[in-house]
Amino acid sequence: METQLELARQNRVTPLMQRVAEDENMAVEQIVRQVAAGRIVIPNNPGRSGQKVVGIGTGLRTKVNASIGTSSDICDIALEVEKTRVAEAEGADTLMELSAAGDLDAVRRAVIHSTSLPVGNVPLYQAFHDTIRKTGDPTRMDPEYLFDLIEKQLADGLSFMAIHCGVNRYTIERLRRQKFRYGGLASKGGTFMVAWMEKTGRENPLYEQFDRVCGIMKKYDAVLSLGNGIRAGAIHDSHDRAQVAEMVINCELAEIGRDAGCQMMVEGPGHVPMDEIQGNIMLEKRMSGNAPYYVLGPIPADTGAGLDHITAAVGAASSARYGADLICYITPAEHLALPNAEDVRQGVRATRLAARIGDISKYPERRETEKMAALARRDMQWQDLESLLMFPEEARRIRDSRAPEKAETCTMCGDFCAMKKGMALFAQDIGGDKQAPGRSTAAQGGGA
Ligand code: SF4
């Protein structure tokens, strides 16, 4: 079987590329070109039917990932299925199943069967989880078991995987030599792999046998997302030498994987102050040859716990604006607890909004909906406005809960409604469209 990348290189248009072109309102030739260059990936395991087709990368709408999964404290398959359904209903584009406790095969299969979203995971979790169960010691993990596991999980229908190939002895040495880490190690899979390498004295098998990883992924045309195990877990660690070392290696591996015909993404960067986000995106894009960038947050402050879905949304809007392609949501429970269904809802909503804000600046030519919403608001066409909003039911709920005396206004200003007064004064003057100067006197609505 050939991958989407290999087919695109032969200039062949596949149904998946066609679908992405339709969804994004772009010419299919453009999609083919970008897939061939490795700038767009389409995570879609051909062994799983009924899967939503999602393109991720250059020129496309910024996508949102929701992550769910059990922990050793809260392990309930029904809850994870509920969270999956909430994530999809709220508009997530992809889902990561990140369970670390319970019957991991059963959770993964239940989650895949309960959604049409492309599903990804981190295979290291199960490799270490199963090793602990069998031996009580994660550092006894057998690399052969890990490779078998990657294949077994893909056979269940996963479409992408975050695999920590870039945590190698070189990156660990950079970490040790810099002699600080305010946020410690923030990646579960990465930290277990580092512990394994420290104990065994061996190189990371996912790095050492990278071609083997690519070969397995290619069999399922799954997207290999290069996990960042040394990502910054505090803004004071942002772009420290250890993080950057792993980033360089991941970008190098992205090129090697792409040359081998495997669809590749790069992950990053964790906690990053706002002034460094643009530089981070630029580095990833330059060093990887514009591989799609899957960002975790970034979280631009370390003091927002409890409302970190908002903290991360601020960082996410900036990262989307500068070129991030897929944003992993953060929920209000981040750093505090396993998210529940309501946390998932809030996380997806905040991240979708952030992605939209980023796209408004990333693609200035795609602002038509914003303009239509502004006009509906100006003209107090509430129903029209509702149909254009990202969260219409929220808007309706709030407005209905405090209904105004005069239906055209709202209870914020009541008789002092500036919209109503302003349009009464200037409807004939400001009802035009700046993109069509000849129509400058055409009143559009006038609402007063
Ligand atoms: S009452 Fe105030 S907030 Fe409400 S529509 Fe009028 S100007 Fe806007």
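Two residues are in contact if their C-beta atoms, placed from the backbone, lie within 7 Å. With that in mind, this briefing introduces a predicted model, in which eight strands form a closed barrel with parallel pairing, in the order E3-E4-E5-E6-E7-E8-E9-E10. The points below take up the barrel, a helix beside two of its strands, one arginine and the surroundings of the ligand.

**The barrel**

- Going around the closed barrel of eight strands, the twist from one strand to the next averages 25°.
- Strand E5, made of residues 119–121, pairs in the parallel sense with strand E6, residues 160–163, and two bridges join them.
- Within this pairing, Gly-120 stands opposite Phe-160 in E6.

**A helix across two strands**

- Helix H14, which spans residues 308–322, lies across strand E9 (293–299) and strand E10 (326–328), and the helix runs at about 135° to E9.

**Arg-39**

- Arg-39 is located in the loop that lies between helix H3 (28–36) and strand E1 (40–41).
- Arg-39 counts as buried because 21 other C-beta atoms lie within 10 Å, where the cut-off for a buried residue is 20 or more.
- Leaving aside residues up to four places away in sequence, Arg-39 touches Gln-34, Gly-57, Thr-58, Asn-290 and Pro-292.
- Although Arg-39 and Met-265 are 226 residues apart along the chain, their C-alpha atoms are separated by 8.9 Å.

**Around the ligand**

- The residues that surround the ligand are Thr-409, Cys-410, Met-412, Cys-413, Cys-417, Ala-418 and Met-419.
- Sorted by class, this shell holds six nonpolar residues and one polar residue, with no charged residues.

Notes: Residues are numbered from 1 along each chain as its sequence is written. This is a predicted model: local features need pLDDT of at least 70, side-chain atom pairs count only at pLDDT 80 or more; totals for chains, interfaces and linings use all residues. Two strands pair if DSSP finds at least two bridges between them. Helices (H or I, at least four residues) and strands (E, at least two) are DSSP runs, numbered from the N terminus. Axes are lines fitted to C-alpha atoms, for helices over the stretch in contact, and angles run from 0 to 180 degrees between N-to-C directions. A residue is near a molecule or strand if its C-beta atom, placed from the backbone, lies within 6 Å of it. Ala, Val, Leu, Ile, Met, Phe, Trp, Tyr, Cys and Pro count as nonpolar, Asp, Glu, Lys and Arg as charged, and the others, Gly among them, as polar. A residue is buried if 20 or more other C-beta atoms lie within 10 Å of its own, exposed if 12 or fewer, and partly exposed in between; C-beta atoms are placed from the backbone.
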